[in-house]
Amino acid sequence: MRAFAGEVRTHDLGVADVAAELYHKGMAPVIVFTGVTSPTTRARMPRGEAVHYRERALELGVADSAVLLESRATNTGENIEFSKAVLAEAGVQVSSVLLVSKPYEERRSYAMMRKLWAEVEVVCASTPMGLEEYADSIGDARMVIDMIVGALQRVLVFPGLGLAIEQEVPSAVRDAYERLCVEGFTSRLLPADAAPRPRGSGLADKGAGPGVNS
């Protein structure tokens with residue numbers, strides 16, 4: 001059986017919109033919305049991300065019986081592990097997962113799924129929009145760039161921490177990441193004691209970002 005999993009720590013309802021659209025296309029019989037709040041979502045989703053996703057999906061016509069809720073996860077690793085437990089408790093046998101996330105999180109989410117739930121087939125999906133359109137939809141371009149920088153850092157360091165599979169990252173992308181870090185787009189980087197910092201970022205003792213596995 002194929003199931004959806006809604007990505008954690010997101011600050012828009014696009015995850016729910018995409019999941020509902022795919023559900024109505026008959027691409028999965030079960031949706032799991034997963035995640036509590038984070039510093040970037042607390043104001044927008046005070047009852048928890050998974051709860052707000054579920055409410056949005058029901059508004060869009062998804063059957064209540066098709067939705068499972070996981071409202072404890074605080075990072076992507078917990079999204080995966082806790083969703084597995086929720087599905088098992090509900091008696092749902094899963095062979096493949098359509099993992100719905102923010103547009104810039106697809107690579108990290110895929111890499112972590114392949115590592116932490118290797119026995120299922122995984123395909124990623126997100127709202128189809130470009131960077132400028134996405135930033136406009138969020139209303140905070142700096143936060144979006146901070147989130148993109150943090151997501152790429154995790155793509156780079158999580159394989160070494162045993163949390164994700166390796167992925168090729170082009171040198172031009174690595175160079176852009178370094179430049180953005182130096183320019184101060186660092187609020188979503190991992191703490192200094194959890195992962196290497198880019199050269200010149202000046203963050204050796206700040207510990208600015210969320211914990212490992214976020």
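The expected span of a helix is taken as 1.5 Å times one less than its number of residues. In the predicted model described here, helix 6 (residues 141–157) comprises 17 residues and extends 25 Å from its first C-alpha to its last, a value close to the 24 Å expected at 1.5 Å a residue. Of the 17 residues of helix 6, 12 are buried, so this helix is largely enclosed by the rest of the structure. The buried positions of helix 6 are Met143, Val144, Asp146, Met147, Val149, Gly150, Ala151, Leu152, Gln153, Arg154, Val155 and Val157, and the elements that cover them include helix 4, helix 5 (131–138) and helix 7 (171–182).

Helix 4 (residues 106–116) also packs against helix 3 (residues 76–89), the two axes coming within 10 Å and crossing at roughly 50 degrees. Helix 3 and helix 4 are therefore oblique to each other, and the crossing in which helix 3 passes helix 4 is right-handed. On the helix 3 side the contact is formed by Thr76, Gly77, Ile80, Glu81 and Lys84, which meet Arg108, Met112, Met113 and Leu116 of helix 4. Classified by residue type, this contact between helix 3 and helix 4 contains 4 nonpolar, 2 polar and 3 charged residues.

Across the protein chain as a whole, the secondary structure amounts to 7 helices and 5 strands, arranged from the N terminus in the order β-α-β-α-β-α-β-α-β-α-α-α. Of the 214 residues in the protein chain, 52% are buried, and among the contacts with a separation of 6 or more, 68% are accounted for by residues 24 or more positions apart.

Methods
Residues are numbered from 1 along each chain as its sequence is written. This is a predicted model: local features need pLDDT of at least 70, side-chain atom pairs count only at pLDDT 80 or more; totals for chains, interfaces and linings use all residues. Side-chain values use heavy atoms; hydrogens and water are left out. Axes are lines fitted to C-alpha atoms, for helices over the stretch in contact, and angles run from 0 to 180 degrees between N-to-C directions. Helices (H or I, at least four residues) and strands (E, at least two) are DSSP runs, numbered from the N terminus. Angles under 35 degrees count as roughly parallel, over 145 as roughly antiparallel, 65 to 115 as roughly perpendicular and the rest as oblique. A crossing is left-handed if the near helix is turned anticlockwise from the far one by less than a right angle, and right-handed if clockwise. Contact means heavy atoms within 4.5 Å. Ala, Val, Leu, Ile, Met, Phe, Trp, Tyr, Cys and Pro count as nonpolar, Asp, Glu, Lys and Arg as charged, and the others, Gly among them, as polar. Buried means under 20% relative accessible area, exposed over 50%, partly exposed in between (1.4 Å probe, protein chains only).
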